[in-house]
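Dear colleague,

Please find below the structure that I am handing over to you. My findings follow it.

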Amino acid sequence: MKVDLRVGVAGLGTVGASLVRLLRQKSDSFAARCGRKVVVTGVAARDRSRDRGIDLSQLTWHDTATALAVSPDIDVFVELIGGDSGAAEDSVRAALAAGKHVVTANKALLARHGVALARLAEENGVSLSFEAAAAGGIPVVKTMREALAGNDISRIYGILNGTCNYILTRMEQDGLDFSDCLADAQRLGYAEADPTFDIEGFDTAHKLAILTSLAFGCEIDVDAIYLEGITSITRADIEAASELGYRIKLLGVAQRTESGIEQRVHPTMVPRASAIARIDGVLNAVAIDGDAVGEVVLVGPGAGGNATASAVLGDISDIARGIHVPTLGRPVEELSPYRAARMRLHEGGYYIRLAVYDRPGAFAEIARIMAVEGISLESIVQRDRTRKSGEAGAHTDAPQPVILITYETTEAAVKRALATISEQNVVAGTPQMIRIEKLG
Ligand code: HSE
């Protein structure tokens with residue numbers, strides 16, 4: 001057998017502790033698969049005294065992640081600190097510059113600095129691996145970078161945040177409000193330290209930015225992502241979606257279009273019969289449309305200590321075996337600049353929920369405005385009417401929920417129509433608008 005591969009782990013939270021434990025438990029079987037023993041030799045974490053349920057007394061503790069990163073006693077630096085700057089960025093840069101292979105689960109760091117770090121890895125002849133950064137335990141990076149290398153990808157989309165999927169699933173299945181579901185997700189340890197990262201879509205955007213680069217061979221541009229979180233989704237939307245044969249999921253979608261590459265994160269109506277609609281709870285899923293293979297759907301845990309550590313172990317095994325793949329699937333100089341499609345040109349169907357005043361002519365006015373924008377309506381449903389159909393008497397001033405489903409149209413037309421409708425005296429409040437993803 002070859003000499004041992006020596007690993008340094010920076011960050012001993014849930015994932016770091018799971019990694020150290022798994023490497024010990026699986027020492028022999030992992031060595032047999034890798035052709036050499038893999039041993040943790042050094043660690044760095046803020047709190048030395050915390051009980052993590054593992055014996056760390058034989059390991060060398062380093063005062064800072066960067067000190068560990070450049071230590072002559074490690075071959076691989078595993079960064080599990082998190083964050084797109086500070087200790088995580090400094091230590092990863094230091095490790096690459098010192099000629100160490102780097103494995104990271106840090107999606108924010110890659111979304112922000114992935115191309116620069118890939119270049120640094122190339123210049124130093126080392127690997128920068130990040131399977132755990134894109135969808136936790138789902139091996140989507142390897143799938144795209146290696147297994148699907150013979151495909152041109154037209155679209156990649158997925159449920160990339162377990163917290164949001166958990167919230168939306170429980171809202172639907174248990175009829176709960178958003179805030180109760182979020183509190184449960186936090187209690188169960190799914191949510192990020194700052195849950196706005198989950199519910200406002202930033203976490204999904206970080207992962208999507210990385211997947212977009214792998215799918216289309218372009219540079220990473222997280223700031224170009226159109227972003228909407230799930231905080232505006234109400235039980236009324238979830239119930240209406242269900243009645244209309246859809247489910248609402250927070251999707252990250254990257255799609256090649258004539259005007260460039262669309263990258264968007266938003267609540268999405270997906271047909272109930274689609275594979276993605278059936279992904280419940282904290283699970284993640286990624287669907288990849290390749291020209292040769294067709295559609296591939298990967299499903300699995302996107303978070304959790306062991307699941308994320310599983311992805312880190314996969315990356316370490318490549319290094320132990322001497323397998324080297326360019327960080328973003330091709331050398332940095334082969335990456336094309338990211339060419340953003342304009343969101344206003346996005347084409348698709350739309351769900352629109354309006355609070356319409358119960359006045360004669362209100363529907364006619366809404367339909368007229370839609371027609372002016374060339375928007376064809378597939379259905380109009382008025383829900384929860386307190387006044388029975390055909391009942392005589394004066395109208396009520398209480399607005400009534402009305403759901404419109406449009407046929408395929410453009411984002412610009414829908415936005416204009418909704419702005420015009422809001423200016424008329426026929427609706428109360430802000431219209432709700434949810435995009436419908438064309439699947440299958
Ligand atoms: N907070 C994330 C999620 C976990 O809910 O999916 C890892 O990114």
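Is Arg-112 buried, partly exposed or exposed? With a relative accessibility of 38%, Arg-112 counts as partly exposed, because the range for that class lies between 20% and 50%. Please bear in mind throughout that this is a predicted model.

Arg-112 is a suitable place to begin with the charged pairs. Its side chain meets that of Asp-84 in a salt bridge, with N and O 3.8 Å apart. Asp-84 sits in the loop between strand E4 (76-79) and helix H4 (86-97), while Arg-112 belongs to helix H5 (residues 107-123); the pair links distant parts of the chain, 28 residues apart. Asp-84 is likewise partly exposed, its relative accessible area being 28%.

A second salt bridge joins the side chains of Asp-289 and Arg-155, at 3.1 Å from N to O. Since Asp-289 lies in strand E11 (residues 283-290) and Arg-155 in strand E7 (residues 153-159), this pair ties together parts that are 134 residues apart in sequence. Both Asp-289 and Arg-155 are buried. The two residues also belong to a network of salt bridges that links Arg-155, Glu-262, Arg-264, Asp-289 and Glu-437.

A third salt bridge is formed by Arg-170 and Asp-184, whose closest N and O atoms are 2.4 Å apart. Arg-170 is in helix H8 (residues 162-174) and Asp-184 in helix H9 (residues 178-187), with their positions 14 residues apart in sequence. Asp-184 counts as buried, at 17% relative accessibility. In total, the structure holds 29 salt bridges.

Turning to the chain as a whole, the secondary structure comes to 15 helices and 17 strands. The radius of gyration is 25 Å, which agrees with the value near 22 Å that a compact globule of 440 residues would have. Along the principal axes, the C-alpha atoms fill a box of roughly 85 × 45 × 35 Å. Of the 440 residues, 54% count as buried. The chain exposes about 18300 Å², and carbon and sulfur atoms supply 49% of that area. Among contacts between residues at least 6 apart in sequence, 76% join residues at least 24 apart. The chain carries 46 positive and 56 negative charges, and the mean positions of the two sets are 3 Å apart.

Two further residues were examined individually.

Gly-162 is found in helix H8 and counts as buried, at 11% relative accessibility. The C-alpha atom of Gly-162 is separated by 5.6 Å from that of Leu-283, although the two residues are 121 apart along the chain. Leaving aside neighbours within four places in sequence, Gly-162 is in contact with Gly-281, Val-282 and Asn-284.

Arg-52 lies in the loop between strand E2 (38-44) and strand E3 (60-61). At 8% relative accessibility, Arg-52 counts as buried. Which residues does Arg-52 touch, not counting those up to four places away in sequence? They are Leu-12, Ala-17, Arg-21, Ala-45, Asp-47 and Trp-61. Arg-52 and Gln-400 are 348 residues apart in sequence, and their C-alpha atoms are 54 Å apart in space.

With kind regards

Methods
Residues numbered from 1 in each chain as written. Predicted model: local features only at pLDDT ≥ 70, side-chain atom pairs only at ≥ 80, totals over all residues. Heavy atoms only, no water. Helix = DSSP H or I, 4+ residues; strand = E, 2+ residues; numbered from the N terminus. Rg over C-alpha atoms; globule rule 2.2 N^0.38 Å. Buried < 20%, exposed > 50% of the residue type's maximum accessible area, 1.4 Å probe, protein only. Contact = heavy atoms within 4.5 Å. Areas by Shrake-Rupley, 256 points an atom, 1.4 Å probe, with all protein chains shown as cover. Lys, Arg positive; Asp, Glu negative; His and termini not counted. Charge placed at Lys NZ, Arg CZ, Asp CG, Glu CD. Salt bridge = Lys/Arg side-chain N within 4 Å of Asp/Glu carboxyl O.
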